[in-house]
Structures are given as structure tokens and as C-alpha cells.
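Here are my notes on the model you sent. They are in numbered points, for reading beside the structure.

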Amino acid sequence: IQRINELEQIALSYDGVQKVYAMQAGRELRVIVEAEKVTDGRADELSFQISQQIQNEMQYPGQIKITVIREKRAVAFAR
């Protein structure tokens, strides 16, 4: 549980990160970012930066998959 919390805190420390979910006992990290603050190119860079920070600061068995999700929704109502 402590390792999962550490993973989530590392990802939350980056600008534009909205929510973080550690899944599959900490083997996968899903990072949801704000579409207005993070571009597609920045999302690629962000996943790499998070993976490098985890690699440098934590000890874990196997590998951890970092997925950055950037979503833009447009909603309108006709009345």
C-alpha cells in the first residue's frame, strides 16, 4: 500500500495532472491530465518523465506501465 501511495504522489507532483490511479497492485499507473493544460506532445513527455522518476527513486519488482490519458469533451444542449 505504501508503494502504491508513493507512485500516486510522484505522478500528482507534475503540473496538469488531475487524477492518478494505481492499478493491478501497482504494476500500472493511469494518469489523467487536464486537456487545457497538457498538449498531446506534453502527454508523451510526461509519461516518460514519470517513468524516469519512478525508476530513479523507487524499488519495485518487474515493470510499471504509465498511461497518460488526455481527454477533451464538448457538450452542448439544445432546448
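1. Sheet layout. This is a predicted model. Its three strands form an open sheet in the order 1-2-3, and the pairing is mixed. Strand 1 and strand 3 are the edge strands, each pairing on one side only. From one strand to the next, the twist averages 20 degrees.

2. Strand 2 against strand 3. These two strands run parallel and are joined by six bridges. For a reference point, look at isoleucine 32: it stands opposite isoleucine 69 in strand 3.

3. Helices on the sheet. Helix 2 packs on the sheet and touches strand 1, strand 2 and strand 3. Its direction makes about 155 degrees with that of strand 3. Helix 1 lies across strand 1 and strand 2. The angle between helix 1 and strand 1 is about 155 degrees.

4. The core. In soluble globular proteins, nonpolar side chains tend to be buried together. Here the largest nonpolar core holds 18 residues. Which of them touch the most other members? They are Leu29, Val31, Ile50, Ile54 and Ile66. At least two core residues come from each of helix 1 (2-12), strand 1 (17-23), strand 2 (28-33), helix 2 (40-57) and strand 3 (65-70). Helix 2 gives the most, with four residues.

5. Leucine 29 up close. This residue is worth selecting in your viewer. Set aside its neighbours within four places in sequence. Leucine 29 is then in contact with Leu7, Ala11, Val20, Tyr21, Ala22, Ile50, Ile54, Lys65, Ile66 and Thr67. Two of the names here, Ile50 and Ile54, also appear beside Leu29 among the core members that touch the most others. Ile66 is there as well.

6. Backbone check, glutamine 24. Most residues other than glycine have a negative phi. Glutamine 24 has a positive phi, near 55 degrees. Where does glutamine 24 lie? It sits in the loop between strand 1 and strand 2. Is glutamine 24 buried or exposed? Its relative accessibility is 56%, so it counts as exposed.

7. Backbone check, alanine 25. Alanine 25 is not a glycine, yet its phi is positive, about 55 degrees. Its place is in the loop between strand 1 and strand 2. With a relative accessible area of 56%, alanine 25 is exposed. The cut-off for that label is over 50%.

Technical notes:
Residues numbered from 1 in each chain as written. Predicted model: local features only at pLDDT ≥ 70, side-chain atom pairs only at ≥ 80, totals over all residues. Heavy atoms only, no water. Core = buried A, V, L, I, M, F, W, Y, C linked by side-chain atoms within 4.5 Å. Buried < 20%, exposed > 50% of the residue type's maximum accessible area, 1.4 Å probe, protein only. Contact = heavy atoms within 4.5 Å. Pairing = 2+ DSSP bridges. Axes fitted to C-alpha atoms, helices over the stretch in contact; angles between N-to-C directions.
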